[in-house]
Amino acid sequence: MIDSQTAPFAAFVLRVTSGALFLSHGLTKVFVFTIPGTVGFFESLGFPALFAYLVIFAELGGGLALITGTATRIAALALIPTLLGATFVHAGNGFSFASQGGGWEYPAFWIAVQIAIVFLGSGAFALKLPLQQRWAQ
């Protein structure tokens, strides 16, 4: 049974913590690894340089959208391909993220979190934009 009194707050906690993690990952790529370093890393994995820019944009923009609750369902859904890519990259390192190079458990779990956010929506304290459709919240 879902408690309709507390469910919006649970969705809020899930949305904001997930958004903060995406924002943190994006900012790490910009300020710690640097954009050229991130591009070089993606190219070393055989991905086009464009993918690095798309991932940085997705993590920063998606993270902010989740934190603010703006188009939450769309943002969560749009972040899943990034996480599928991360799961693929880490698949050869084993299951545990404690494995050298990081395993696939963390990005796979994060996919499940995004799916939950898609189903839950924004929850409490979301920024409501006039043009935003109800299904996007």
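Two residues are in contact when heavy atoms of theirs lie within 4.5 Å. This report uses contacts in that sense to describe a predicted model.

## Overall form

The protein has five helices and zero strands. Read along the sequence, the pattern is α-α-α-α-α. The C-alpha trace spans about 45 × 30 × 20 Å along its principal axes.

For 137 residues, a compact globule would have a radius of gyration near 14 Å, and the 16 Å of the protein agrees with this. Of the 137 residues, 34% count as buried. Among contacts with a separation of 6 or more, 66% are made by residues 24 or more positions apart.

## Helices α1 and α3

Helix α1 covers residues 7-31, and helix α3 covers residues 49-68. The two pack at an angle of about 150°, and their axes are 7 Å apart. Angles over 145 degrees count as roughly antiparallel, so α1 is roughly antiparallel to α3. The crossing of α1 and α3 is left-handed.

On the α1 side, the contact is formed by R15, V16, S18, G19, A20, F22, L23, H25, G26, L27, K29 and V30. These meet V55, I56, E59, L60, G63, L64, L66, I67 and T68 in α3. Sorted by class, the contact of α1 with α3 has twelve nonpolar, six polar and three charged residues.

## Residue K29

Is K29 buried or exposed? K29 sits in helix α1 and has a relative accessibility of 13%. Buried means under 20%, so K29 counts as buried.

Which residues does K29 touch, leaving aside its neighbours within four places in sequence? They are T34, I35, T38, V55, I56 and E59. Of these, V55, I56 and E59 are among the α3 residues that meet α1, while I35 and T38 are among the α2 residues that meet α3.

## Helices α1 and α5

Helix α5 covers residues 105-120. It packs against α1 at an angle of about 135°, with the axes 10 Å apart. The two helices are therefore oblique to each other. In passing α5, α1 makes a left-handed crossing.

The α1 residues involved are A11, L14, R15, S18, L21, F22 and H25. They meet Y106, W110, V113, Q114, A116, I117 and L120 in α5. The residues of this contact divide into ten nonpolar, three polar and one charged. R15, S18, F22 and H25 appear in the contact of α1 with α5 and also in the contact of α1 with α3.

## Helices α2 and α3

Helix α2 covers residues 35-44. It packs against α3 at an angle of about 125°, with the axes 8 Å apart. This angle makes α2 oblique to α3. Here the crossing is right-handed.

I35, T38, V39, F42 and E43 in α2 meet A49, F51, A52, Y53, V55 and I56 in α3. By class, the contact of α2 with α3 has nine nonpolar, one polar and one charged residues. V55 and I56 take part in this contact, and both also belong to the α3 residues that meet α1.

## Loop residues

Two loop residues that are not glycine have a positive phi. T34 has a phi of about 70° and is found in the loop between α1 and α2. With a relative accessibility of 34%, T34 counts as partly exposed. T34 is also one of the residues in contact with K29. A71 has a phi near 50° and lies in the loop between α3 and α4, where α4 covers residues 72-90. The relative accessible area of A71 is 21%, so A71 is partly exposed.

A third residue, G94, lies in the loop between α4 and α5. G94 counts as partly exposed, at 26% relative accessibility. What does G94 contact, apart from its neighbours within four places in sequence? The residues are G103 and W104. G94 and W104 are ten residues apart along the chain, and their C-alpha atoms are separated by 6.6 Å.

Notes:
Residues are numbered from 1 along each chain as its sequence is written. This is a predicted model: local features need pLDDT of at least 70, side-chain atom pairs count only at pLDDT 80 or more; totals for chains, interfaces and linings use all residues. Side-chain values use heavy atoms; hydrogens and water are left out. Axes are lines fitted to C-alpha atoms, for helices over the stretch in contact, and angles run from 0 to 180 degrees between N-to-C directions. Helices (H or I, at least four residues) and strands (E, at least two) are DSSP runs, numbered from the N terminus. Angles under 35 degrees count as roughly parallel, over 145 as roughly antiparallel, 65 to 115 as roughly perpendicular and the rest as oblique. A crossing is left-handed if the near helix is turned anticlockwise from the far one by less than a right angle, and right-handed if clockwise. Ala, Val, Leu, Ile, Met, Phe, Trp, Tyr, Cys and Pro count as nonpolar, Asp, Glu, Lys and Arg as charged, and the others, Gly among them, as polar. Buried means under 20% relative accessible area, exposed over 50%, partly exposed in between (1.4 Å probe, protein chains only). The radius of gyration is taken over C-alpha atoms; the globule rule is 2.2 Å times the number of residues to the power 0.38.
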